[in-house]
Amino acid sequence: MTLPIAQPVPLAVLAPGFRLQPIGVAGAGFPSPAQDWEEDAINLSELLRLDRAGSFVFRIDGSSMVDAGICDGDVVVVDRDVTPRNGHIVIAVVAGGFVCRQLVARAGVPYLEARNSRQRYPEQIADDTTEVWGVVRAGVRNFQR
């Protein structure tokens with residue numbers, strides 16, 4: 001049985017100019033000597049490079065990539081126009097559906113590997129039946145869920 005594939009929407013159609021004003025710098029260790037530093041407004045579209053025609057977003061469903069820092073419910077920015085290389089986190093079409101995996105070459109054979117040491121996933125060779133759709137470039141997580 002083949003599942004229908006939803007068509008991603010390009011992000012280049014976002015309203016331009018949306019900016020957030022940072023309140024300040026928050027250190028994640030010792031107090032930051034840059035606390036007096038003032039930054040211009042942040043344009044999330046520019047920061048995440050969402051204004052590119054080849055950029056798309058996907059919401060992650062499941063826990064197969066938690067050891068790579070990608071969790072259930074996260075949003076990832078995917079570049080469709082980047083050539084996938086060994087070690088890249090990618091979005092691929094497998095059995096008619098999108099999956100997020102790491103592209104790994106072993107003995108010259110490309111594999112799509114899950115990154116969850118607490119669960120086993122079937123081995124997936126990236127062969128002619130698999131389309132590597134795009135390369136994950138950035139991620140966004142909602143810490144309030």
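**Warm-up**

Buried residues, meaning those under 20% relative accessible area (exposed is over 50%, partly exposed in between, with a 1.4 Å probe and protein chains only), make up 32% of the 145 residues in the chain. This is a predicted model, where local features need pLDDT of at least 70, side-chain atom pairs count only at pLDDT 80 or more, and totals for chains, interfaces and linings use all residues. Residues are numbered from 1 along each chain as its sequence is written, and side-chain values use heavy atoms, with hydrogens and water left out.

**Exercise 1. Work out which elements the chain has and in what order the strands sit in the sheet.**

Step 1: Take stock. The chain has 1 helix and 7 strands; these are DSSP runs numbered from the N terminus, with H or I over at least four residues for a helix and E over at least two for a strand.

Step 2: Walk from the N terminus, and you meet α-β-β-β-β-β-β-β.

Step 3: Now go across the sheet. Two strands pair if DSSP finds at least two bridges between them. The 7 strands make an open sheet with antiparallel pairing, ordered β1-β2-β7-β3-β4-β5-β6. At the edges you find β1 (55–59) and β6 (124–125), each pairing on one side only.

**Exercise 2. Find the partners of β7 and one bridge to each of them.**

Step 1: Start with β2. Strand β2 (residues 75–79) and strand β7 (residues 131–140) are antiparallel and share 5 bridges. One to look for: D79 has V135 as its bridge partner in β7.

Step 2: Move on to β3. Strand β3 (residues 89–94) also runs antiparallel to β7, joined by 4 bridges. Here I91 is matched with G134 in β7.

**Exercise 3. Follow R106 from its strand pairing to the ring it lies over.**

Step 1: Look at the strands. Strand β4 (residues 97–106) is joined to strand β5 (residues 109–113) by 5 bridges, and the two run antiparallel. The bridge partner of R106 in β5 is V109.

Step 2: Look at the side chain. R106 lies over the face of Y111, 3.8 Å from the ring centre. For a charge to sit over a ring, NZ of Lys or CZ of Arg has to be within 6 Å of the ring centre and within 35 degrees of the ring normal.

**Exercise 4. Trace the ring pairs around W133.**

Step 1: Get the count. The whole structure has 4 aromatic pairs. Rings of Phe, Tyr and Trp (its six-membered ring) pair if their centres lie within 6.5 Å; planes under 30 degrees apart are stacked, over 60 edge-to-face, and the rest tilted.

Step 2: Check F58 with W133. This pair is edge-to-face, at 5.4 Å centre to centre with 80° between the planes. F58 is in strand β1 and W133 in strand β7, 75 residues apart, so the pair links distant parts of the chain. Both F58 and W133 are buried.

Step 3: Check F98 with W133. Their ring centres are 5.7 Å apart and the planes are at 80°, so this pair is edge-to-face too. F98 sits in strand β4 and W133 in strand β7, 35 residues apart.

Step 4: Compare the cover. W133 counts as buried because its relative accessibility is 10%, while F98 is partly exposed because its value is 27%.

Step 5: Put the rings together. Ring pairs link F56, F58, F98 and W133 into a cluster.

**Exercise 5. Decide whether H88 and R59 are buried or exposed, and list what each touches.**

Step 1: Place H88. You'll find H88 in the loop between β2 and β3. H88 is buried because its relative accessible area is 19%.

Step 2: List its contacts, where contact means heavy atoms within 4.5 Å. Not counting residues up to four places away in sequence, H88 touches V82, T83, R101, Q102, L103 and V135. H88 and V136 are 48 residues apart in sequence, with 7.4 Å from C-alpha to C-alpha.

Step 3: Turn to R59, which is in strand β1. R59 counts as exposed because its relative accessibility is 61%.

Step 4: List the contacts of R59. Leaving aside neighbours within four places in sequence, R59 is in contact with G73, D74 and V75. The C-alpha atoms of R59 and V75 are separated by 4.4 Å, with their positions 16 residues apart along the chain.
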